[in-house]
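Here is a friendly walk through one protein model and the two ligands that come with it. Have the viewer open and follow along as we go.

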Amino acid sequence: MSMIAAFYSSKSILITGATGFLGKVLMEKLFRTSPDLKIIYILVRPKAGQTLQQRVFQILNSKLFEKVKEICPDVHEKIRPISADLNQHDFGISKEDMEELLSSTNVIFHCAATVRFDDPLRHAVQLNVTATQQLLFMASQMPKLEAFIHLSTAFSNCNLQHIDEVIYPCSVEPKKIIDSMEWLDDAIIDEITPKLIGDRPNTYTYTKALGEIVVQQEGANMNVAIIRPSIVGATWQEPFPGWVDNLNGPSGMIIAAGKGFLRSIKATPLAIADLIPADTVINLTLAAGWYTAVHRPKSTLIYHCTSGNLNPCNWLKMGLHVLETFEKVPFEKAFRRPKANFTTTSFTNHYWNAVSHRAPAVIYDIYLRLTGRKPRVTKLMNRMLRMLSMLEYFVNHSWEWSTHNTEMLMSMLSPEDQRMFNFDVRQLNWLEYIENYVLGVKKYLLKEDMAGIPEARQHLKRLRNIHYLFNVALFLIIWRLLIARWQMARNIWFFISSLHTL
Ligand SMILES: CCCCCCCCCCCCCCCCCCCCCCCCCCCC(=O)SCCNC(=O)CCNC(=O)[C@H](O)C(C)(C)COP(=O)(O)OP(=O)(O)OC[C@H]1O[C@@H](n2cnc3c(N)ncnc32)[C@H](O)[C@@H]1OP(=O)(O)O
Ligand SMILES: NC(=O)C1=CN([C@@H]2O[C@H](COP(=O)(O)OP(=O)(O)OC[C@H]3O[C@@H](n4cnc5c(N)ncnc54)[C@H](OP(=O)(O)O)[C@@H]3O)[C@@H](O)[C@H]2O)C=CC1
């Protein structure tokens, strides 16, 4: 019997961020491996016109939960959505709900966060720091609490090159930052943001670092652990390979490349592409929850959930695998043929952005206008370039993350748990993983049917022919202009013609 699965059976578990990418994978695994768990409380806000119940219904009826519904048919009864907005005081939780949470919760998984790179500091602090502080305050009033697991990111200290499984101090104490957000106005916050974030690339990584300090300070008397995943990608094995449901990180870029939008990217080809599958992150998270509650380590343990030091893959290898997979499973209705390369200098990057990104978008929009349709490609292209510029930092640096705690945890698991809650990335075959990832993007994000592949291939052939025709036409126009204006060109032309008549 799995010790981890047995631990979560009969437990009341509180999850924040359960509607997010990792939150869903976490819930799914919990229900699948511990169907006897007592209840999962999830803090959810109404969104996009949907009530809490509608949001939960949608999640449980998604493909991700198909296996769970077989194993645990009463899963609907075991999820208790609690109306909560982490931006509000006390999360806006009703008194009755709060009482139930405080008296029953055994384990907390704190996954909620803003993962946007461009969030204003005030908002990022509110969600990634203040809400974490409030949740810890709630946790401190829970008599039955056995473990508090906080999801952070391996990039919280991305200003360093070698990162250990420790919490690093920030120049300003989180409490001071939280206080100052209350009385500083937005204009001043915007002005001091670059100074505060220093050599980190965005407010996301900075506020996640502050959040960790808060966890260490406020969670000193609790059983607390921090998980630091690197770049989370589609699932590797469970509940099935290739599941992904948002555009963050590489997923959006895979779509952009497969649809022929992304043709070049400023990246360091040999830098490590530290991807980690979502199910690996969740297996480690659940194992850490068990270890923290049962073994009660004396200090807050931090677990790096990264692939680079155990099974490295670089961006060149990854990019090539992605492109190779497009040959087998092309995406439908591509804008151009998927073909991309890396640029390594700002000059070549600007050049290829102009030639391969902006120019085709403008030309296509002119064509749409001429045919009476609404131009839309330049807007899409600008959005992709903005996203690309935000990701650039992460594809041009390499980091070394030590993984002593993670390896220690692996060694503490029984052989059954090592199999059931596998987070050993050394077993990951990148080629196979990337193929499944691209396939998953096609199926679960783009909702494209495999039956459409022959048509997608035909479309790519048409694009290739258009490309050749376009190049020939361009060549003829340029040649014609040269002949009209340049004597030397005329001479070459006459020379070639005379060769022909010989
Ligand atoms: C010879 C050599 C050959 C070699 C060949 C090589 C070829 C290479 C090409 C191969 C293919 C590529 C394969 C790999 C690519 C590498 C990519 C690099 C990935 C690196 C990722 C590093 C991330 C690491 C960070 C740490 C991880 C974390 O901790 S958190 C998770 C990461 N967080 C994010 O990713 C969030 C980022 N997003 C944002 O910050 C914002 O969304 C934004 C600033 C980008 C946009 O904000 P904006 O307000 O403008 O828009 P928004 O309201 O958010 O959305 C508007 C619409 O856009 C859609 N959208 C949102 N995000 C994306 C996206 N990522 N991609 C595409 N579209 C996106 C969104 O749905 C909205 O759509 P509508 O609703 O329809 O309007
Ligand atoms: N994905 C990645 O690449 C990585 C993620 N991480 C960390 O993992 C954790 C989970 O990330 P991921 O699942 O990808 O993120 P998502 O963006 O997919 O999910 C974020 C979750 O937080 C919830 N949330 C946001 N704001 C509020 C709010 N005001 N009140 C209540 N809930 C809120 C969202 O709810 P709603 O659905 O209502 O918006 C959603 O459930 C985060 O802590 C992140 O920092 C770390 C490394 C990499």
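## Cores, pockets and a helix

The largest nonpolar core has 112 residues, and I15, L30 and F109 touch the most other members. A nonpolar core here is a set of buried Ala, Val, Leu, Ile, Met, Phe, Trp, Tyr and Cys residues joined through side-chain atoms within 4.5 Å. Buried means under 20% relative accessible area, exposed over 50% and partly exposed in between, with a 1.4 Å probe and protein chains only. Helix α12 (residues 278-295) gives the most to this core, with 10 residues. A second, separate core of 45 residues includes I39, L101, L135 and M222.

A word on the ground rules: this is a predicted model, in which local features need pLDDT of at least 70 and side-chain atom pairs count only at pLDDT 80 or more, while totals for chains, interfaces and linings use all residues. Residues are numbered from 1 along each chain as its sequence is written, chains are lettered from A and ligands numbered from 1 in the order in which they are written, and side-chain values use heavy atoms, with hydrogens and water left out. Helices (H or I, at least four residues) and strands (E, at least two) are DSSP runs, numbered from the N terminus.

Back in the largest core, what does F109 touch? Not counting residues up to four places away in sequence, F109 touches Y8, I13, L14, I15, T16, L26, L30, I149, T285 and L286, where contact means heavy atoms within 4.5 Å.

Now to the ligands. A residue is near a ligand if one of its heavy atoms lies within 4 Å of it. Around ligand 1 there are 31 residues, of which R116, F117, Y204, L247 and G249 come nearest. Ligand 2 is surrounded by 27 residues, the closest being T19, R45, R55, Y204 and K208. The table gives polar contacts, meaning pairs of N or O atoms within 3.5 Å.

| Ligand atom | Protein partner | Distance |
|---|---|---|
| Ligand 1, nitrogen | V115, polar backbone atom | 3.2 Å |
| Ligand 1, oxygen | Y204, side-chain N or O atom | 2.6 Å |
| Ligand 1, nitrogen | L247, backbone N or O atom | 2.8 Å |
| Ligand 2, oxygen | L22, polar backbone atom | 2.9 Å |
| Ligand 2, oxygen | R45, side-chain N or O atom | 2.8 Å |
| Ligand 2, oxygen | A113, polar backbone atom | 3.5 Å |

Taken alone, ligand 2 exposes 900 Å², and the protein buries 90% of that. For ligand 1 the exposed area taken alone is 1600 Å², with 74% of that buried by the protein. These areas come from the Shrake-Rupley method with a 1.4 Å probe. Helix α13 (315-328) is one of the elements giving two or more residues to the shell around ligand 1, and its 6 residues are the largest share. In the shell around ligand 2, α2 (21-33) and α10 (203-218) each supply at least two residues.

Helix α18 (residues 430-445) has buried residues including W430, Y433, Y437 and V441. Their cover includes α11, α13 and α19 (453-485). At the start of α18, a side-chain oxygen of N429 reaches to within 3.0 Å of the backbone nitrogen of L431. Just after α18, K447 takes a positive phi of about 55°.

Finally, look at K259, in the loop between α11 and β9 (264-266). Is K259 buried or exposed? K259 counts as buried because its relative accessibility is 16%. Leaving aside neighbours within four places in sequence, its contacts include F331, E332, R336, L446 and E448.

How values were computed. A polar contact is a pair of N or O atoms within 3.5 Å; within protein, one must be able to donate a hydrogen and the other to accept it, and residues adjacent in sequence count only if both atoms are side-chain atoms.
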